[in-house]
Amino acid sequence: HVRGEVVVSSKTVQGETVTPRLQALSVQRLDTRIAVGSPSALTLSFSPSQAADALHISTGISQSGEQDTNLRFRFESAQVSALQDSQPIESISILQQSNESMLVLMDLQEGLSYSVELTHVLNP
């Protein structure tokens, strides 16, 4: 379109989904329970490279180049809480949850530090 005598846009193209990177990612166990199927707690610390509306969490391990689905943490009963620059995030919810993964709805801003605590995650 034209604004005054300046061409601002001559055409539009369909956009692509951008997946921000999690910079300085750290995963820590908060307990010592390691028995198969026992509940565990984990903390994910990171800073997103771009703003995002949600965080998708899953685990997996490869042996000989193939995924071993028996060696995954299970998220079906997991609970989540989070901090943004050491302040609690009140507007956080689980949008989707299954054995293999969970989708956490939360506002992530570029360059800020986040700490996400997962409890009731079942050990592989």
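Two strands pair if DSSP finds at least two bridges between them. Strands (E, at least two residues) and helices (H or I, at least four) are DSSP runs, numbered from the N terminus. With these terms, select Gln-96 and then Leu-103: Leu-103 in E11 is the bridge partner of Gln-96.

**Before going on**

This is a predicted model, in which local features need pLDDT of at least 70 and side-chain atom pairs count only at pLDDT 80 or more, while totals for chains, interfaces and linings use all residues. Residues are numbered from 1 along each chain as its sequence is written, and side-chain values use heavy atoms, with hydrogens and water left out.

**Whole chain**

Show the protein as a cartoon. There are twelve strands and zero helices, so to speak a run of β-β-β-β-β-β-β-β-β-β-β-β from the N terminus on. Colour by accessibility next: of the 124 residues, 27% are buried, where buried means under 20% relative accessible area, exposed means over 50%, and partly exposed lies in between (1.4 Å probe, protein chains only). For contacts (heavy atoms within 4.5 Å), take pairs of residues at least 6 apart in sequence: 67% of these contacts join residues at least 24 apart.

**The sheet of three strands**

Select E5, E11 and E10. They form an open sheet in the order E5-E11-E10, with antiparallel pairing. E5 and strand E10 (93-97) are the edge strands, and each pairs on one side only. On average, neighbouring strands here are turned by 30° against each other, direction ignored; the axes are lines fitted to C-alpha atoms, for helices over the stretch in contact, and angles run from 0 to 180 degrees between N-to-C directions. Between E10 and E11 there are four bridges in the antiparallel sense.

Stay in strand E11 and select Ser-101. Is Ser-101 buried or exposed? Its relative accessibility is 17%, so Ser-101 counts as buried. Now add His-56: the side chains of Ser-101 and His-56 are joined by a polar contact of 3.4 Å. A polar contact is a pair of N or O atoms within 3.5 Å; within protein, one must be able to donate a hydrogen and the other to accept it, and residues adjacent in sequence count only if both atoms are side-chain atoms. Leaving aside neighbours within four places in sequence, Ser-101 is in contact with His-56, Ile-57, Ser-58, Phe-75 and Gln-96.

**The loop between E9 and E10**

Move to Ser-91, which is found in the loop between E9 and E10. Ser-91 counts as exposed, at 58% relative accessibility. Which residues does Ser-91 touch, not counting those up to four places away in sequence? They are Leu-105 and Met-106. Draw a distance between the C-alpha atoms of Ser-91 and Met-106: it reads 6.5 Å, for residues 15 apart along the chain.

**The sheet of five strands**

Select E3, E4, E12, E8 and E9. These five strands form an open sheet in the order E3-E4-E12-E8-E9, and the pairing is antiparallel. Strand E3 (22-29) and strand E9 (87-88) stand at the edges with a single partner strand each, so one side of each has no neighbour in the sheet.

Follow the sheet from E3. Six bridges pair E3 with E4 in the antiparallel sense, and Gln-28 has Thr-43 in E4 as its bridge partner. E4 is mostly covered, with eight of its ten residues buried. E4 and E12 pair over seven bridges, again antiparallel; Leu-42 has Leu-118 in E12 as its bridge partner. At the other edge, two bridges join the antiparallel strands E8 and E9, where the bridge partner of Leu-83 is Pro-88 in E9.

**The aromatic pair**

A search of the whole structure finds one aromatic pair. The ring centres of Phe-46 and Tyr-114 are 5.8 Å apart and the planes are at 20°, so the pair is stacked. Rings of Phe, Tyr and Trp (its six-membered ring) pair if their centres lie within 6.5 Å; planes under 30 degrees apart count as stacked, over 60 as edge-to-face and the rest as tilted. Phe-46 is in strand E4 (residues 39-48) and Tyr-114 in strand E12 (residues 114-122), 68 residues apart. Phe-46 is buried, with a relative accessible area of 4%, and Tyr-114 counts as buried at 2% relative accessibility.

**The nonpolar core**

Finish with Leu-118. Not counting residues up to four places away in sequence, Leu-118 touches Ser-40, Ala-41, Leu-42, Leu-44, Ile-57, Phe-75, Gln-79, Val-80 and Met-102. Leu-118 is also one of the residues that touch the most other members in the largest nonpolar core, which has 21 residues. A nonpolar core is a set of buried Ala, Val, Leu, Ile, Met, Phe, Trp, Tyr and Cys residues joined through side-chain atoms within 4.5 Å.
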